[in-house]
Structures are given as structure tokens and as C-alpha cells.
Amino acid sequence: MEKKWEEMTPDEKQEARFQKWLSPEGVKFASPEAEKLYKERATRIKDAIQMKKKPDRVPVLLIPSFFPAFYSGLTPRDVMYDYEKANNAWKKFYVDFQPDAHFGCVAPGPGRFFDILDYKLYKWPGHGVPNNITYQCNEGEYMKADEYEAFLQDPTHFFNTTVMPRIFGALEPFKQLPNVTTINEMYGTGIIFYPYGLPDVQTAFKALLEAGSEALKWLGYFMAFEKEMPALGFPSGQAGYTKAPYDILGDTLRGTRGIMADMYRQPEKLIEAMDKMTPFWIQKGIIESNMNSNPLIFLPLHKGADGFMSDEQYKKFYWPYLKKLLLGLIDAGVVPFLWAEGGSNSRLEVIQDLPKGKTVWLFDAVDMIKAKEILGDVACIAGNMPMDLLTIGTPQQVKDYAKKLIDNCGEGGGYIIANCAFFDDVKPENVRTMVEFTKEYGVYK
Amino acid sequence: MAQDLVNTLADLKEQEAIGIVKDRLSAGEDPLKILEDARKGMEIVGNRFASSEYFIPDLVYSGEILKAVSELVKPKLTKAAESKKLDKIVFGTVAGDIHDIGKDIVVFMLDVNGFEVHDLGVDIPAQKFVEKIKETDAPIVGLSGFLTLAFDSMKETVEAMKAAGLRDKVKVMIGGGQITEEVRKYTGADAYGKDAMAGVSLAKKWASAK
């Protein structure tokens, strides 16, 4: 008899998630060849991650930013607003370059949704930056230094009535929304709800409904893409994403400068807030893995990079909460696919404190020989194909670098070649060379 | 007491530093002297950053403390501070890119190392750099960019300097997350800096070479 989910060990859960991913339910493969490719690719990635046996060759992944748009002669603006064009461009990209997985048609996001809500947190193509430029974050303190108490007391209410009005211009009236956790007796309940009757609040809700419809429309395209790609032979490389607790607070709530000052001025509050957020973001990863029958949850790392904090700060503020989050996911059989943006040389010793075969670490700037040496027995490492080479280098330079990566990191498995950072307008021939060379040179004998 | 302010600021002891400033102000001391000590403290912060004893959060926090100190001192200032500065440097993040953390760190380090930095901000069109170079007569220019899309903006900015007849009069450094020697060649800049300290070394080298 099959074991019940709650009785399984983390290892068994991970294996069960991988098996579901290897034999995706409800996918009608376009051809026997597509099915064969799908299984080979998924198995290759699984073997590289689990480190139980050597894959047949080094897997090759391409994780683009707006490259598929440029490659199809479109601008980032086009694909943020025309969902069909986006789907077609992303499909063309994966079909033409044939990497071992696809990463969804998610980068663009629904442009009109952001327009409707007057999104303040980012500039995006045609909205603060030119049509041919990628979206970029407006750094700021969207949660103020003295708002930790309110945040800790009730994060949901804080998001509803403080964060949302700040990041969405159209939801500014939400400042007036009541805290519904005080609904209790019949007596008094009517009073709690009066803000929903205010004309400006009602206008805000109308915008929210319209934005929701737009998100749903976009999601239709998004899910169609998620269905079509496996049928064409591409397993999905990410079921969803989650984040490190320090980055959750630092990226879009306190801001880079704000959170850095908090480490000195109010360290206890910062730690308490990270603790508070961790279960939400573990749960998010598990739910998305369940929803999409895929063990891989993407996890971009930002503010723990080399230089962005001292070793002591990393060990005090960054790693313990990231580790807690990772272990929460690993316990549920989910595989965190971390992308360490920036430098990571000073972090390698710290992050090796993890169970074996449970994570992937995609590196941007790191000494890959050292990374293999330190993490080689613990985790699959990935990435490091430099942006300058892909953008302005020659195919020969890309080939030379790929060879070096495979020579240095490929031994025994546990390495996935991939771009070091999401890529925009790079040379297609360089991307092609990276994939084709790996398929030829990266075969394990 | 002068040394106390220099050291407490350098050691990032915010409350103590502010206490000292308040005491010195109420004792009627020349506010310019207080600011000069604060500057010395920041110089030590810069040195500690250069020797990897301090990291970015330490710079950011020292900036926060300096801001608090300046706010206390400024109302008492009767004349502007005079300081002898090294060369002028025009600095900014190039067109289409709004990233400022890296740029701000380099500007901070150049400033505490005595350069007069004209920070134009982010998303700066090539022509604005040209105008500022003309206006300030700065011999050094720093171009920052985080996105790979900034490679082209950097290139265009260097070309705009050439078109304006300024290229021989300025040394151009570039920097940012994905900047390498390959990118330097592509953009036509004179050098690239891997980090803030590399930027300071370049500026010092260029300043003394004149």
C-alpha cells in the first residue's frame, strides 16, 4: 500500500514530487520524440540535483529576462501588453534554442494590470523607462522605520491598509479599511463596515476588480503556455518562487538603505519581522509546488551578496532565516532552486550547512572551482556563464568559457550550466553556442 | 572632545556621536569645526571600507549618522564650509538604468577621498554628461550601470563626449554588476572598476598623472 503523504520522510516526499514531475498528469505530448525528450531532460535535471547518480550529461538551462522578446523583434513593452505575442515569442525562444527546461512566460507580467492599479513600486517599459528597456524597482521605504510594531501585530492588515495604498496609487483609499479581525458580535459589526461605503473606497475596489480581471486574463495565457511547453518536450524549471526573509523585508518594504540601518538601530525588530514572514513564504513555496506538480521553487537571493553585509551580519541576519525557510521547504519535499545574485565567495562555507541533494545553487559571480570544492558534496551548483560574454562576446569565447565551467564543475555530476543572470538583448549565436556546445561536450562517459 | 567625535563616528556609535555634537554646540563651539571632525570620521569609515573591515551597511549607516549630525549643525552655520578638494569628477548612472546603490557607494568613497564629485543621479542621457563636463571642466567621468542594456548607453555616452570634442580632455571609468574588460573595450571607456575601491584608485592615478 502506498504510504500516506504525512507519513513520508522528506526524502520520500522529494522523490514523489519528482516522479509527478517526470510523468506530468494531463499532458498530451506532441510526438513520441517530445515525450522522450521530456523524460530525458527531467531525469537529467533530477539526477544532477539529487546527486545519487551521474546524469547522462550536464543539463543546460536558459533563464531569460526579455531576451525572447528581442529575439522575436519585439520590445519588452510589446510583450508586457500583448500576452499572445509574449507566448509566441517565449515559445519560439525555447523551441529554437532547445534548453533542458522552460521557465514559463512569466517575466513580462500583465502591463495593463499595473496601469490600472497605478503601480508605484517599479518603472516598466513605456512607464518610466523606454519601451526597449526592462522593468526596474523604485527603491524606497514602503514600510517606514517606525512601522515594525504595526507590521508585527498584524501583517495582513498592515499590507492591506499601509503597503497596498503606497505601492498602488489606485488603492490609496484602502488606508481607511477596517481591521476585520475585530468582527465579533452582531452589535457593532455594522460600524466596522462603513468604510466600504465611502465613494473613494468603492472607486478603489472597482479598480481592483478590473485589475483582477486583467490578471485572470493574463493567467489564461500563462497557464496555456505552462501546458504547451511540456507537450513540446520541455519540463518546467520552476513551479513558483519564494524569497529569503531578509530580502522580503529589504527589497520592497524597508529598502536597501532602510534595512541596513535597521541592522544597527533595531536589530531585534528586524529579526522578529523575518521570523514572522518565514512561515508565509515557506507555505507559498509548498502551495506553488503542489499546484504545478513540480518540486522546483525558484529563490532569487539579493541582499546577502558579498560586500552587502559583513560575515557576522550574514550569520546573524541572513543565513539563519534563509536556512529555516529552506529546511521548511526541504521537509515538504520541495527543492529550492536558489539564484545567488552578485558575488557569493564569502558565503560558500556558511551555506554548505544543508542536507545533501536538496537544493540547487545558481551562481552569478563566484569562483566556481571553490564553489565546487566547498559545495560539491552537498548541493548541485549551476550558472556562472557571464553576461558580458553573452552580450558582446564571440561564440568562441562562450565556448571556451563553457568548456572551463564543465571541466571545473561537471565532475561526478551536480552541475547545471546556465546564464549567471537573467538576460535581455544578448547575441542569439552566443546563446545557441552555449546550448549546443554543452550538449556535445557535457556528455558523461 | 574633537577626537571623540571623530572616533565615535568612525566606530558607528550613533547616539554617542550625536550626544557629543549637541554638547559641543551648546558649549558654543564653531559648527565648522564640528563638521570638519565629522568629515575626518567619515574618512576613517572610508579607509575601513577600503581595507574590508567595513561593508556596505557600515557605509550606509555612517551616512545616516552624518545626516543626523548635519541636521543638528546646519542651523548654526553662518558661512559655508570651505574645503580643499582634489579633482572634479562627473558621475552618474547612464540612460535607461535607474540603479543607484553601486553608484552611491563609489560617489561616497570618492567624496571621502577628497574628490569633488558632481553626481548627476540615475537614468542620465549622454548629452547631460556632456553638458556637465563642459560646465565643471571635470577631467574624470564615472559611468555606472547595472543592466546589460546599459552597455550601449555607456558606449553612446562615450561617443557623445567624442562628438563634443571632450574625449581627449577626460578620462572615463565605468562600473557596475556585469562590467568587465570586455565591456570596457566595447564602450570605449578608459578603464573599468570592479568595486568602489578600484574606482578610487583609478581617480587617484588619473588625478596625479596630470
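Me: What phi does A:Gln98 take, just after α5(A)?

Reply: Helices (H or I, at least four residues) and strands (E, at least two) are DSSP runs numbered from the N terminus. Directly following α5(A), A:Gln98 has a positive phi of about 55 degrees. This is a predicted model: local features need pLDDT of at least 70 and side-chain atom pairs pLDDT 80 or more, while totals for chains, interfaces and linings use all residues. Residues are numbered from 1 along each chain as its sequence is written, with chains lettered from A and ligands numbered from 1 in the order written.

Me: How far apart are the end C-alpha atoms of α5(A)?

Reply: The expected span is 1.5 Å times one less than the number of residues. Helix α5 (residues 83-97) of chain A has 15 residues and should span 21 Å; its end C-alpha atoms are 21 Å apart, so the two agree.

Me: Which residues of α5(A) are buried?

Reply: Buried means 20 or more other C-beta atoms within 10 Å of the residue's own, with C-beta atoms placed from the backbone. In α5(A) these are A:Tyr83, A:Ala86, A:Ala89, A:Trp90, A:Phe93 and A:Tyr94. They lie on the same side of α5(A), because their arc (of directions from helix axis to C-beta atoms) is only 125 degrees.

Me: Where does β1(A) stand in its sheet?

Reply: Strands of a sheet pair through backbone hydrogen bonds, parallel or antiparallel. Here seven strands, in the order β1-β10-β9-β8-β7-β6-β5 (chain A), form an open parallel sheet. β1 (60-61) and β5 (240-241) of chain A are at the edges, each with a single partner strand, so one side of each has no neighbour in the sheet. β1(A) pairs with β10 (residues 415-418) of chain A over two bridges, pairing requiring at least two DSSP bridges. A:Val60 is opposite A:Ile417 in β10(A).

Terms used. Buried ≥ 20, exposed ≤ 12 C-beta atoms within 10 Å, placed from the backbone.
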